[in-house]
Amino acid sequence: MACNKNHDGIQQILENLPTDQGGVGRHKCAACAYEAGYKAGYNLDGSLSIDNVLANLDESQARAQRHKSPHAAYALGYYHGVCKRTQDDNN
Ligand SMILES: [Zn+2]
C-alpha cells in the first residue's frame, strides 16, 4: 500500500537524500523512514532493527521521497532526533 501521510514539512530534507534505486527497501517511503528514525533518535531508542522498521513501512508515494534511500532517511532522521533531544535537554 502506498503511503498517504502528509510529508509536506520534510520535503526539503528529503530532496537532499541520496537516490537509491537498487537497495533493500527501495520502494519504501523514505519520508516515513525519516520520521521513524527521528522518533527513535529522540527517544534514544537503539533497540529497533532498521530492517524491521523498513519492512513495516508503507510503499513510497510520489514527490521528494520517491526513490530516496530509506536507510539514509532513517539514519538522518535518527541524527536529527538526537540533536533535537540534546537541544531540549539543554533548555
Ligand atoms: Zn510516508
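Start with the spacing of the zinc ligands: along the chain of this predicted model, the donor residues follow the pattern C-x3-H-x21-C-x2-C. Select C3, H7, C29 and C32 together with the zinc ion; these residues are its protein donors. Show the side chains and pick out the donor atoms, which are SG of C3, NE2 of H7, SG of C29 and SG of C32. Their distances to the zinc ion run from 2.1 to 2.3 Å.

Next, turn on angle labels at the metal. The 4 donor atoms subtend angles of 103 to 120 degrees around the zinc ion, and the arrangement is therefore tetrahedral; the rule asks for all angles to lie between 85 and 135 degrees.

Keep C3 and C29 selected and colour the chain by secondary structure. C3 sits in the segment before α1 (11-15), while C29 belongs to the loop between α1 and α2 (30-42), so this pair ties together parts 26 residues apart in sequence. Are these two cysteines buried or exposed? Both C3 and C29 are buried.

Now leave the metal and turn to the salt bridges, of which the model has 5. Three of them are visited here.

Select K5 and D58. Their side chains form a salt bridge, with N to O at 3.8 Å. K5 is in the segment before α1 and D58 in the loop between α3 (50-55) and α4 (70-89), so the contact joins parts that are 53 residues apart in sequence. With a surface display on, K5 is partly exposed at 41% relative accessible area, and D58 is likewise partly exposed, at 22%.

Move one residue along to E59 and add K28. This pair also meets in a salt bridge, at 3.6 Å from N to O. E59 lies in the loop between α3 and α4, and K28 in the loop between α1 and α2, so parts 31 residues apart in sequence are tied together. Which of the two partners is buried? K28 is buried, with a relative accessible area of 16%; the cut-off for that label is under 20%. E59 counts as partly exposed at 30%.

Finish on helix α4 by selecting R85 and D89. The two form a salt bridge whose closest N and O atoms are 3.9 Å apart. Here the partners share a helix: R85 and D89 are 4 residues apart in α4, which means that about one helical turn separates them. R85 is partly exposed, with a relative accessible area of 27%, whereas D89 is exposed, at 55%.

Notes:
Residues are numbered from 1 along each chain as its sequence is written. This is a predicted model: local features need pLDDT of at least 70, side-chain atom pairs count only at pLDDT 80 or more; totals for chains, interfaces and linings use all residues. Side-chain values use heavy atoms; hydrogens and water are left out. Donors are N, O and S atoms within 2.8 Å of the metal (3.2 Å for Na, K and Ca); water is not among the atoms, so sites may look incomplete. Four donors count as tetrahedral if all angles lie between 85 and 135 degrees; four count as square planar and six as octahedral if opposite donors are over 155 degrees apart and all others between 65 and 115; anything else is irregular. Helices (H or I, at least four residues) and strands (E, at least two) are DSSP runs, numbered from the N terminus. Buried means under 20% relative accessible area, exposed over 50%, partly exposed in between (1.4 Å probe, protein chains only). A salt bridge is a side-chain nitrogen of Lys or Arg within 4 Å of a carboxyl oxygen of Asp or Glu.
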